[in-house]
Amino acid sequence: MGSDFFFRTEDIRRDEILDYLVETSTDRIAVDILKSRSPVILRGSRGVGKSFLLRVAEVELLNSLRTEGILPVYVTFATATLIKRPTADQFSAWMLAKICNRIVRAALAAGITLPSGSAISAIRGQSTDDQPSRLEAVEQGFESAWRDTNTDVESVKVPGPEVVAEAVADLCEQTGLRRITLLVDEAAHVFIPEQQRQFFTLMRELRSPYLAVKAAVYPGATAFGDFFQPNHDATVVSIDRAIFDQEYAGTMREIVYKQEKDLRRILDSQGDLFDTLAYAATGNPRILLKTLSRSLPLRRKSAQETIRQYYREEIWAEHSGLSERYPGHSKLIDWGRWFMEGTVLPDLYKRNSGRDSQTSTHIWIHRNAPGIVKEALQLLCYSGILQEGVSGIRGTRMAVGTRYMVNLGCQFALDSDPISYGSKVRRSLSIKRVVEFGANHPAFDPIKNLSLQDFDATNNVALEARLRTPSTVLDLTAFQKQKLEELNLTTIGDVLVADESVFKQARYVGKVRTRQMRSAAITAVLEYLSG
């Protein structure tokens, strides 16, 4: 038995988003800030719900458009993974073209008639039913260039950020809108560092009373550049779910119930098993849904096997796989795994297996630890193996450092009985208990002399090889993988180029499911390519 959960927001229709909302006080604060006039950096690990909260803000703003006059524009930069090494000017042109196209589409979809004017004309372009506008052609050209290695997107004239900001101001003043809220998903982690710096510079340049930019990013592997300071140029909101909240387990249950009401009886009867899976996920709804789905029908044996497989193998394979996306960071990625598996997790296990009445899930790193170590730890935050806590925390001898929370599932999986051990750990967790690593800890020696200047990776240096990777690596359901095999879509590249007509050839796949399955496959491809 398994459940067909929605693992990704992309699979949920916009008109169904609010049906799946399980709102915590932290979520409400995040959504309200996303709807506000200030720029926002929404930070969280993969799967914690950044895309979902962006969509919630979008739907709520659309529902109040007539009364509040704020037009939400959702745009994702996930397809940046397909662009073949553009120049700085070309990459900027692609971002601006994509933003302009989404503003025009959102306005028209909301029933807003675009007025004429030089600035507005610059962003709207002209199109017919069967021909894209000039800016749509720019966007499509960049994103399709990977199909032909000889294709080179020509330089095109795209309005600069000043013109875009002016056009938005004209649009608002002539249509009665108060402002446009630009909700940018996949805002930076799919770019190489230099492109990330370009995006955040653009975000700063677009700021105006009529345009508020909100950007979702991962912790770690994000380069803001010299012209954008997160805490000065935006409001930074972290959405990692706090496992120390009394309502944590109940909130995670409600997330499941929103998708599968029929599981309520099963989860009520197997409460300890579910709670251990929920805490193992360390606040990540996607990981909870994936591991719960594998454990159904929920039994002790199946839950034990799921914890061992996912937290001993898969989460680490995903972290090591970042070397493909960030080849220049491979030494940091490898060291981070070695540090966690060889030092941190054994130390925590030894402490939590003792007689101490309180258990620990945190490590503390001295503020004077090598900068390269902190970079490696940020990459572990990117993967969800760590969650960065609070800086400026006092350790022993009044030293100051940063506290990180270690993924609980990785700890539970160390024991021969993950359920019993997990129950013990989660019931006596204390935020005051930490394993400390001083500024000169011996574990830092293998990388302490590496230079931070060597880590700007080349964009998609392994793109061609990754397109030849078997499609079985994609994060899809067993049914979806079976259909890809039936359709002979055996590689990542095969899935990416297949249009809807190809998917319609699959047995027992109707029109609606065809669209859903192709959308899920393309989303999985883009997520795989982006690391």
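**Exercise 1. Which are the buried residues of α19?**

Solution. This is a predicted model, where local features need pLDDT of at least 70, side-chain atom pairs count only at pLDDT 80 or more, and totals for chains, interfaces and linings use all residues. Residues are numbered from 1 along each chain as its sequence is written, and side-chain values use heavy atoms, leaving out hydrogens and water.

- Step 1: fix the terms. Buried means under 20% relative accessible area, exposed over 50%, and partly exposed in between, with a 1.4 Å probe and protein chains only. Helices (H or I, at least four residues) and strands (E, at least two) are DSSP runs, numbered from the N terminus.
- Step 2: take the helix. α19 covers residues 418-427, and seven of its 10 residues are buried.
- Step 3: name them. They are Pro418, Ile419, Tyr421, Gly422, Ser423, Val425 and Arg426.
- Step 4: look for the cover. Contact means heavy atoms within 4.5 Å. The cover of the buried residues of α19 includes α12 (271-280), α14, α16 (330-352) and α18 (408-412).

**Exercise 2. Test the length of helix α14 and locate its bend.**

Solution.

- Step 1: state the rule. The expected span is 1.5 Å times one less than the number of residues.
- Step 2: apply the rule. Helix α14 (residues 300-320) has 21 residues, so it should span 30 Å. Its end C-alpha atoms are 29 Å apart, which agrees.
- Step 3: find the bend. The bend at a residue is the angle between axes fitted to the seven residues ending there and the seven starting there. For α14 the bend is about 35°, at tyrosine 310.
- Step 4: check burial. Tyr310 is one of the buried residues of α14. Others on that list include Tyr311, Ile315, Trp316 and His319.

**Exercise 3. Classify the ring pairs of phenylalanine 339 with tryptophan 335 and phenylalanine 437.**

Solution.

- Step 1: set the cut-offs. Rings of Phe, Tyr and Trp (its six-membered ring) pair if their centres lie within 6.5 Å; planes under 30 degrees apart count as stacked, over 60 as edge-to-face and the rest as tilted. The count by this rule is 13 aromatic pairs.
- Step 2: take tryptophan 335 with phenylalanine 339. The ring centres are 4.8 Å apart and the planes lie at 10°, so this pair is stacked.
- Step 3: place both residues. Tryptophan 335 and phenylalanine 339 belong to helix α16, four residues apart, about one turn of the helix. An α-helix has 3.6 residues a turn, so residues three or four places apart point the same way.
- Step 4: check burial. Tryptophan 335 has a relative accessible area of 4% and is buried. Phenylalanine 339 is buried too, at 0%.
- Step 5: take phenylalanine 339 with phenylalanine 437. Here the centres are 5.1 Å apart and the planes at 70°, so the pair is edge-to-face. This pair links distant parts of the chain: phenylalanine 339 in helix α16 and phenylalanine 437 in strand β9 (residues 434-437), 98 residues apart. Phenylalanine 437 is buried at 0%.

**Exercise 4. Trace the surroundings of glutamine 198.**

Solution.

- Step 1: place the residue. Glutamine 198 is in helix α8 (residues 193-206).
- Step 2: check burial. Its relative accessible area is 16%, so glutamine 198 is buried.
- Step 3: list the contacts. Not counting residues up to four places away in sequence, glutamine 198 touches Ala88, Phe91, Ser92 and Met95.
- Step 4: follow Phe91. Ring pairs link Phe91 into a cluster with Phe77, Trp94, Phe199, Phe200 and Phe228.

**Exercise 5. Compare the settings of arginine 394, arginine 28 and arginine 55.**

Solution.

- Step 1: take arginine 394. It lies in strand β7 (residues 386-394). At 53% relative accessible area, arginine 394 is exposed. Leaving aside neighbours within four places in sequence, its contacts are Trp364, Ala399 and Val400.
- Step 2: take arginine 28, in helix α1 (residues 25-34). Not counting residues up to four places away, arginine 28 touches Glu23, Lys35 and Glu60.
- Step 3: take arginine 55. A charge sits over a ring if NZ of Lys or CZ of Arg is within 6 Å of the ring centre and within 35 degrees of the ring normal. The charged end of arginine 55 sits over the ring of tyrosine 74, 3.6 Å from its centre.
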